Amino acid sequence: MTAEPSPVAVLFVPERDAPGTETPLVEALEDLGLTVQVKAVPVRRSLELLILITLPLHAFLGGLGGKLADDAYRKLREAIGRTQARPVAVQDRDTGIRAHLTPDLDDEAYRQLAALDLRLVRGALRYDTDSRSWRLVEEAAGAEGD
């Protein structure tokens, strides 16, 4: 019996980033069982300076939910923290649902994200630290990777 292929994540990074800036994210995603492809993209607007990861979001979050205590999950959180001021977003490649991951997210935020029924979501999600819950936000059209 052949092994099932790893899900593919495409990591879009602004082309003006220094080479290797994405390495911690690539390694963290590979540790979570993903095959990672990196693509440098031109920055068209200063507001679009984000690192975008497109992948099968439901499968990724389901797997992440079971790994919150694992080293691979901690490595992902550390990698997101090392992107400095550049936001990281994960986006479902089929539906376009996007979740913004920031260095200040705690385990509970990731648990909530993994538990969301993504069939009921359209658009982008950001974690609201005041209400301690994920909220839909509006984004400008034509974001990176769209």
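**Helix packing and sheet layout**

Helix 1 and helix 3 are roughly antiparallel to each other, because angles over 145 degrees count as roughly antiparallel and their axes cross at roughly 160 degrees. The model is predicted. Besides this helix pair, the briefing covers an open sheet of seven strands, the packing of helix 4 on that sheet and an edge-to-face aromatic pair formed by Y73 and Y110.

**Helix 1 against helix 3**

- Helix 1 spans residues 23-31 and helix 3 spans residues 71-81; their axes come within 8 Å.
- The crossing of these two helices is left-handed.
- On the helix 1 side, the contact is made by P24, L25, E27, A28, L29 and D31.
- Helix 3 contributes A72, K75, L76, A79 and I80 to the contact.
- By class, the residues of this contact comprise eight nonpolar and three charged, with no polar ones.

**The sheet**

- The seven strands of the open sheet follow the order 2-1-3-4-5-6-7, and their pairing is mixed.
- Strand 2 (35-41) and strand 7 (133-137) are the edge strands, each pairing on one side only.
- On average, neighbouring strands of the sheet are turned by 25 degrees against each other, direction ignored.

**Strand pairs 4/5 and 6/7**

- Four bridges pair strand 4 (residues 88-92) with strand 5 (residues 98-101) in the antiparallel sense.
- Within strand 5, A99 is the bridge partner of V90.
- Strand 6 and strand 7 also run antiparallel and are joined by five bridges.
- W134 in strand 7 is the bridge partner of Y127.
- The hairpin of strand 6 and strand 7 has four residues between the strands, and R132 takes a positive phi near 55 degrees in this hairpin.

**Helix 4 on the sheet**

- Helix 4 (residues 107-115) packs on the sheet and touches strand 5, strand 6 (124-128) and strand 7.
- The direction of helix 4 makes about 60 degrees with that of strand 7.

**Aromatic pairs**

- Two aromatic pairs are present in the structure.
- One of them is formed by Y73 and Y110, with 5.3 Å centre to centre and 85 degrees between the planes, an edge-to-face arrangement.
- Y73 belongs to helix 3 and Y110 to helix 4, so this pair ties together parts that are 37 residues apart in sequence.

Methods:
Residues are numbered from 1 along each chain as its sequence is written. This is a predicted model: local features need pLDDT of at least 70, side-chain atom pairs count only at pLDDT 80 or more; totals for chains, interfaces and linings use all residues. Side-chain values use heavy atoms; hydrogens and water are left out. Axes are lines fitted to C-alpha atoms, for helices over the stretch in contact, and angles run from 0 to 180 degrees between N-to-C directions. Angles under 35 degrees count as roughly parallel, over 145 as roughly antiparallel, 65 to 115 as roughly perpendicular and the rest as oblique. A crossing is left-handed if the near helix is turned anticlockwise from the far one by less than a right angle, and right-handed if clockwise. Contact means heavy atoms within 4.5 Å. Ala, Val, Leu, Ile, Met, Phe, Trp, Tyr, Cys and Pro count as nonpolar, Asp, Glu, Lys and Arg as charged, and the others, Gly among them, as polar. Two strands pair if DSSP finds at least two bridges between them. Rings of Phe, Tyr and Trp (its six-membered ring) pair if their centres lie within 6.5 Å; planes under 30 degrees apart count as stacked, over 60 as edge-to-face and the rest as tilted.
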